[in-house]
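Here are some notes on the model, set out as numbered points. They follow the order in which I went through it.

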Amino acid sequence: MSYAFEAEGRPKEELETEGTAKLRDTYFVILARYDKNRKEVSDLLALRYRMAAWFGAGADEPFQKLHQAIHYVITAAQMLGNWSKDADGFRANPSHLTLWQKMEGDIWWVAEDPDRVATLITEAIAAMEAICQPILAEAIVA
């Protein structure tokens, strides 16, 4: 879900059609939201080094998964925004349509099975819990 005002900062092309503008606005929202939260995301991903220092090799793996999930979403938003100028022609080719749908699946929640972004995030959370759970359980007992 997105709101029209979230795309207000998107640079418009001179001869952009209304349909192209709508599509690009939709994908731009993803980039605008990321940009708005860039510091928080960066701070979160920077914790990987502290985790590796505290818990050893492999403790940074959950952060790598999160980074990959973010990369899928941002790349999809950028590519779909670029391809929107010729969306109808692009999607008319069956292999292009499949790629388009895959990238939209990276951005929006869809019933695609498996959802590779959701899978990466779920795996990252499970790995982080597995690393931290023994410590948290010990702190609760003490």
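1. Asp113 is exposed, with a relative accessible area of 72%. In this predicted model, Asp113 belongs to the loop between α5 and α6 (116-141). Asp113 and Glu138 are separated by 25 residues in sequence, and their C-alpha atoms lie 37 Å apart in space.

2. Gly9 sits in the segment before α1. This glycine counts as exposed, because its relative accessibility is 60% and the cut-off for exposed is over 50%. Gly9 and Ala32 are 23 residues apart in sequence, with a C-alpha to C-alpha distance of 8.0 Å.

3. Two helices to examine together are α1 (residues 18-36) and α3 (residues 61-83), which pack at an angle of about 145 degrees with their axes 8 Å apart. Their crossing is left-handed. On the α1 side the contact is made by Arg24, Tyr27, Ile30, Leu31 and Tyr34. On the α3 side the residues in contact are Ile70, Val73, Ile74, Ala77, Gln78, Leu80, Gly81 and Asn82.

4. Helix α3 itself has 23 residues. From first C-alpha to last, α3 reaches 33 Å, close to the 33 Å expected at 1.5 Å a residue. Its buried residues are Pro62, Phe63, Lys65, Ala69, Val73, Ile74, Ala76, Ala77, Leu80, Gly81 and Trp83. A lysine is thus on the buried list, namely Lys65.

5. Another basic residue to check is Arg48, which lies in helix α2 (residues 38-55). Arg48 counts as buried, because its relative accessibility is 17% and buried means under 20%. Apart from neighbours within four places in sequence, Arg48 is in contact with Asp60, Phe63 and Gln64. Of these contacts, Phe63 is listed among the buried residues of α3.

6. The aromatic pairs come to five. The Trp54 and Phe55 rings have centres 6.3 Å apart and planes at 90 degrees, so this pair is edge-to-face. Trp54 counts as exposed at 60% relative accessibility, and Phe55 as partly exposed at 33%.

7. Trp83 and Phe90 form a stacked pair, because their ring centres are 4.4 Å apart and their planes are at 20 degrees. Trp83 counts as buried at 19% relative accessibility. Phe90 is buried too, with a relative accessible area of 13%. Ring pairs join Tyr27, Trp83, Phe90 and Trp100 into a cluster. Within that cluster, Tyr27 is also one of the α1 residues in contact with α3.

8. Which charged end sits over the ring of Trp100? The residue is Arg91, whose charged end is 4.7 Å from the ring centre. A second case involves Arg116 and Tyr72: the charged end of Arg116 sits over the Tyr72 ring, 3.6 Å from its centre.

9. Trp100 also appears among the buried residues of α5, together with Met103, Gly105, Asp106 and Ile107. Helix α5 (residues 94-107) has 14 residues. The span of α5 from first C-alpha to last is 20 Å, close to the 20 Å expected at 1.5 Å a residue.

Definitions and conventions. Residues are numbered from 1 along each chain as its sequence is written. This is a predicted model: local features need pLDDT of at least 70, side-chain atom pairs count only at pLDDT 80 or more; totals for chains, interfaces and linings use all residues. Side-chain values use heavy atoms; hydrogens and water are left out. Rings of Phe, Tyr and Trp (its six-membered ring) pair if their centres lie within 6.5 Å; planes under 30 degrees apart count as stacked, over 60 as edge-to-face and the rest as tilted. Buried means under 20% relative accessible area, exposed over 50%, partly exposed in between (1.4 Å probe, protein chains only). A charge sits over a ring if NZ of Lys or CZ of Arg is within 6 Å of the ring centre and within 35 degrees of the ring normal. Helices (H or I, at least four residues) and strands (E, at least two) are DSSP runs, numbered from the N terminus. The expected span of a helix is 1.5 Å times one less than its number of residues. Axes are lines fitted to C-alpha atoms, for helices over the stretch in contact, and angles run from 0 to 180 degrees between N-to-C directions. A crossing is left-handed if the near helix is turned anticlockwise from the far one by less than a right angle, and right-handed if clockwise. Contact means heavy atoms within 4.5 Å.
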